Amino acid sequence: MLFFIIALGVLLIIVATSKFKVHPFLSLLMGTLFVGFASGMSFDLIVESINSGFGNLLMSIGLVIVFGTIIGVILEKAGAAYRMAEVVLRIVGPKHPQLAMSIIGFIVSIPVFCDSGFIILNSLRKALSKRAKVSMASMSVALATGLYATHTLVPPTPGPIAAAGNLGADAYLGTVIFIGFIVAVPATLVGYLWSIKVATKIEVPEDVSATGEEFDYDKVVASFGKMPSTFSAFLPILLPILLIAVGSILTVAEVDNGIASFFVFLGKPVIALLVGVIAALPLLPAFNEETLNGWVGQALKDAAPVLLITGVGGSFGTVIRNSGVEEIIQNWEIGGMFTGAMFLLVPFLIAAALKTAQGSSTTALVITSSLVAPMLPVMGIEGAVPLALVVMAVGAGAMTVSHVNDSYFWVVTQFTGMTVNDAYKAQTMATLLQGIVTIVITMILWVILV
């Protein structure tokens with residue numbers, strides 16, 4: 001009965017979000033209250049669970065999400081994303097335009113939301129497509145899937161951070177980032193292959209009417225204005241990742257001296273991301289109210305919904321744990337097909353069902369990680385690598401699939417001019433393959449590393 005109640009709570013969240021268009025924050029809160037009351041929890045315990053779940057999760061990852069969003073907005077508005085794209089194009093060369101777009105998306109979506117990344121790189125995509133004489137739809141799928149891979153798998157993107165926090169992996173964020181990069185590469189590669197094998201056969205109106213300045217590559221690049229240097233463009237992304245990696249290595253190695261302690265301090269995610277914000281400040285065109293207040297204010301507005309969804313997701317998970325489900329799971333004779341790497345199919349399938357039903361990858365990541373967290377101690381899943389791989393399994397499900405109830409689906413279709421049917425063949429099928437490949441790679445890594 002308790003599992004039936006939890007399933008009804010999840011169904012309530014899905015219906016409220018997808019059918020009645022209720023904001024995910026309110027949907028999650030309603031589902032949390034329903035599970036609490038229906039499972040027979042006392043009023044005091046429900047209130048305590050909601051408050052502690054919300055506060056504890058945001059205490060560990062709230063500022064990380066805020067700092068990551070600030071870095072993303074500065075990179076977007078200062079033209080650093082364009083500089084990254086220009087560098088990748090120079091390295092890859094004009095003979096592989098789809099590969100260049102996939103790599104650009106892979107890099108840009110680490111700090112920038114995939115929707116925003118696609119929009120700000122759209123003019124570059126069109127101009128490069130015209131210059132290279134390749135299908136607009138092909139370039140769109142290459143860019144969209146590259147953005148999508150790191151958006152669902154690699155911190156400091158808010159979704160993977162939220163999942164890591166719910167699963168208790170926030171202390172191992174360096175490992176999550178490292179494994180996220182490894183897993184996101186084949187996810188990006190399959191998107192690239194789909195773009196050149198299938199999406200090239202799809203014709204959109206711009207393929208036959210690509211005229212004007214917006215399709216002139218040199219003029220598009222010139223329109224970006226004075227772009228920052230390559231070093232300053234990449235530094236706000238690479239420096240926090242490097243600091244987190246060094247801090248993680250020193251912690252594992254148990255090096256105990258003054259210098260090591262200082263670098264362990266710098267490697268704490270909240271400090272590393274704050275250093276990333278400081279590294280992004282030289283990108284500002286001027287230190288004035290527009291940038292220091294306006295740009296940062298925009299980042300805070302972007303972060304607010306994610307923080308609220310993440311926090312109430314923590315409440316949902318805490319209510320589930322306090323409902324007595326952990327005790328029930330501990331009495332299970334879990335074995336057979338759900339041991340080892342096969343267990344990763346559980347979070348993958350739950351996240352895929354949630355993603356397909358309600359459209360938001362972030363919401364799927366938050367809810368699934370909340371549901372799965374009580375199972376991990378029973379399964380003996382603990383430590384950096386196993387928990388990071390569970391985060392990857394949740395992320396794999398959260399990218400399966402992007403279709404008409406996903407805002408990202410409409411960003412790609414509207415800016416490309418694809419029909420819905422063509423978008424299903426190009427974008428939706430590509431994300432399905434990305435999810436399948438990602439969970440397979442994650443399971444293989446489990447067999448090798450765990």
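A search of the whole structure, which is a predicted model, turns up four salt bridges. Two of them sit together in helix 4, which covers residues 80-92. In one, Arg83 pairs with Glu86, and the closest N and O atoms are 2.9 Å apart. The spacing fits the helix: Arg83 and Glu86 are three residues apart in helix 4, so about one helical turn separates them. In the other, Glu86 meets Arg90 through their side chains, at 2.6 Å from N to O. Here too the partners belong to helix 4, with Glu86 and Arg90 four residues apart, or about one turn of the helix. The two arginines get different labels for burial: Arg83 counts as buried because its relative accessibility is 17%, under the 20% cut-off, while Arg90, with a relative accessible area of 52%, is exposed, being over the 50% mark.

Another salt bridge joins Asp406 to Lys355, with the closest N and O atoms 2.8 Å apart. This pair ties together distant parts of the chain, 51 residues apart. Asp406 is in the loop between helix 20 (384-398) and helix 21 (407-416), whereas Lys355 belongs to helix 17 (residues 345-358). Both ends are tucked away from the probe: Asp406 is buried, with a relative accessible area of 6%, and Lys355 is buried as well, at 1% relative accessibility. Back in helix 4, salt bridges with shared partners connect Arg83, Glu86 and Arg90 into one network. In general terms, side chains of opposite charge can pair when their charged atoms come close.

Zooming out to the fold, the chain's secondary structure amounts to 22 helices and zero strands. The radius of gyration is 22 Å, close to the 22 Å that the globule rule gives for 450 residues, so the chain is as compact as a globular protein of that length. Measured out along its principal axes, the C-alpha trace spans about 65 × 55 × 45 Å. Of the 450 residues in the chain, 56% are buried. Among contacts with a separation of 6 or more, 82% are between residues 24 or more positions apart. As for the outside, the chain exposes about 18200 Å², and carbon and sulfur atoms supply 67% of that area.

Next comes the interior. The largest nonpolar core holds 138 residues, and Leu121 and Phe316 are those with the most contacts inside it. Helix 3 (residues 43-77) gives the most to this core, contributing 13 residues. Nonpolar side chains tend to be buried together in soluble globular proteins. Setting aside residues up to four places away in sequence, Phe316 touches Val10, Ile13, Leu28, Gly31, Thr32, Val35, Ile367, Ser370 and Leu371.

Ser315 is found in helix 16 (residues 289-330). Ser315 is buried, with a relative accessible area of 0%. Apart from neighbours within four places in sequence, Ser315 contacts Thr32, Ser49, Ile50, Gly53 and Phe54. Thr32 also appears among the residues that Phe316 touches. Between Ser315 and Leu167 the C-alpha to C-alpha distance is 13 Å, with their positions 148 residues apart in sequence numbering.

Asp422 lies in helix 22 (residues 420-449). Asp422 counts as buried because its relative accessible area is 17%, which is under 20%. Its contacts, leaving out neighbours within four places in sequence, are with Ile202 and Glu203.

Finally, the surface has a nonpolar patch made of Met1, Phe4, Leu8, Leu11, Leu12, Val15, Phe20, Met30 and Phe34, with about 860 Å² of accessible area together. Helix 1 (2-18) and helix 2 (24-38) each provide at least two of the patch residues. The largest share, five residues, comes from helix 1. One of the patch residues, Leu11, is in helix 1. Leu11 counts as partly exposed because its relative accessibility is 46%, in between the 20% and 50% limits.

Key
Residues numbered from 1 in each chain as written. Predicted model: local features only at pLDDT ≥ 70, side-chain atom pairs only at ≥ 80, totals over all residues. Heavy atoms only, no water. Patch = residues over 30% accessible without salt bridge, like charges linked within 9 Å, V, L, I, M, F, W, Y side chains within 5 Å. Areas by Shrake-Rupley, 256 points an atom, 1.4 Å probe, with all protein chains shown as cover. Buried < 20%, exposed > 50% of the residue type's maximum accessible area, 1.4 Å probe, protein only. Core = buried A, V, L, I, M, F, W, Y, C linked by side-chain atoms within 4.5 Å. Contact = heavy atoms within 4.5 Å. Rg over C-alpha atoms; globule rule 2.2 N^0.38 Å.
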